[in-house]
Amino acid sequence: MTPKPKAAIFISGRGSNMMALIEASRDADFPVEFTLVVSNDPGAAGLAWAASQGIAALAVDHKPFGKDREAHEREIDAALKAAGIELICLAGYMRILTPYLVGQWAGKMINIHPSLLPKYKGLHTHERAIEAGDSFGGCTVHWVSEGVDDGDIILQAQVPILKGDTPDDLAARVLIEEHKLYPAAVRHLYAR
Ligand code: GAR
């Protein structure tokens, strides 16, 4: 059997989407193998979980780099290339990337965002959808481009917004869909 392409996941926090991807990748027919998890936060809970699964878990703390975002990214980029990574899945990675890293990984980097893009790029997506009186919220997996949350859409899932929903209620309903959508989007990429 030919080896699967190696993929990395970037996280900044709890990493529930990372877990969903890694769990989905245990299926023999999943198209990639996740071999590396990267976080800008050494304290990210998801890193310990990844390590417990036998997956290389790399923290590259952004703080010592100060305002030099590109230097931080160059260190991450070197690790990705050394590990032979072919696909990057951003999963709750809460740093805006510079054109440097986006350019290095053009066509090989995807993200999950908790809104029905192009609506509600950036933060506080659920709060904004509720305040706008929308009937639906959702999540999007998209290619990463230089604009924030702006690349071509790969797949979306929607959920109803119910009367009286708080942002946390909606976030929880959307997160259930995120955990299904992200693995489906990776499968979709390799099914083309
Ligand atoms: C997810 O809801 C993801 O869509 C969102 O952060 C959460 C991370 O949760 N991402 C963004 O807002 C990116 N702009 P997780 O760490 O449990 O996967």
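For my tallies by class, Ala, Val, Leu, Ile, Met, Phe, Trp, Tyr, Cys and Pro count as nonpolar, Asp, Glu, Lys and Arg as charged, and the others, Gly among them, as polar. With that settled, I split up the shell around the ligand and got 4 nonpolar, 5 polar and 2 charged residues. Note to self: this is a predicted model.

**Entry 1, the ligand shell**

I listed who sits around the ligand, taking any residue with a heavy atom within 4 Å. From the early part of the chain I get Arg-14, Gly-15, Ser-16 and Asn-17. Then come Gly-92 and Met-94, followed by Ile-112, His-113 and Pro-114. Leu-175 and Glu-178 finish the list.

Next I went after polar side-chain atoms facing ligand oxygens. Arg-14 has a side-chain N or O atom 2.4 Å from an oxygen atom of the ligand. For Ser-16, I read 2.6 Å between a polar side-chain atom and a ligand oxygen. Glu-178 also turns up, with a side-chain N or O atom 2.7 Å from an oxygen atom of the ligand.

How much of the ligand does the protein bury? On its own the ligand exposes 450 Å², and 85% of that is buried by the protein.

I also checked which elements give two or more residues to this shell, and found α1 (16-24), β5 (109-113) and α6 (167-191).

**Entry 2, the pocket**

Where does the ligand sit? It takes up the space of the largest pocket. I put the space in that pocket at about 1000 Å³.

I count 41 lining residues here, and those nearest the pocket centre are Gly-92, Met-94, Ile-112, His-113 and Pro-114. These five are also in the shell around the ligand.

Which elements supply at least two residues of the lining? I have α1, β5, α5 (125-131), β6 (136-143) and α6 down for that. The biggest giver is α6, with 6 residues. By class, the lining comes to 18 nonpolar, 15 polar and 8 charged residues.

**Entry 3, the cavity**

I then looked for enclosed space. Rolling a probe the size of a water molecule over the atoms shows where empty space is left. My search gave 1 cavity of 30 Å³ or more, and the volume of the largest cavity is about 40 Å³.

Which residues line the largest cavity? I noted Arg-69, His-72 and Glu-73, plus Tyr-93, Arg-95, Ile-96 and Leu-97. That lining divides into 3 nonpolar, 1 polar and 3 charged residues.

**Entry 4, backbone oddities**

Last, I went through the backbone angles. The peptide bond from Leu-117 to Pro-118 is cis, and I read omega near 15°. Pro-118 belongs to the loop between β5 and α5.

Tyr-120 is in the loop between β5 and α5 as well. I flagged Tyr-120 for its phi near 55°, a positive value in a residue that isn't glycine.

Notes. Residues are numbered from 1 along each chain as its sequence is written. This is a predicted model: local features need pLDDT of at least 70, side-chain atom pairs count only at pLDDT 80 or more; totals for chains, interfaces and linings use all residues. Side-chain values use heavy atoms; hydrogens and water are left out. A polar contact is a pair of N or O atoms within 3.5 Å; within protein, one must be able to donate a hydrogen and the other to accept it, and residues adjacent in sequence count only if both atoms are side-chain atoms. Accessible areas come from the Shrake-Rupley method with a 1.4 Å probe; for residues, only the protein chains shown count as cover. On a 1 Å grid over the protein atoms alone, a cavity is a set of points where a 1.4 Å probe fits but cannot get out, and a pocket is an open set with protein on both sides within 12 Å along at least five of seven lines; lining residues have an atom within 4 Å of a point. A molecule sits in a cavity or pocket if more than half of its atoms lie within 2 Å of its grid points. Helices (H or I, at least four residues) and strands (E, at least two) are DSSP runs, numbered from the N terminus. Grid points are joined across faces, edges and corners, and a volume is the space filled by probe spheres set on the points.
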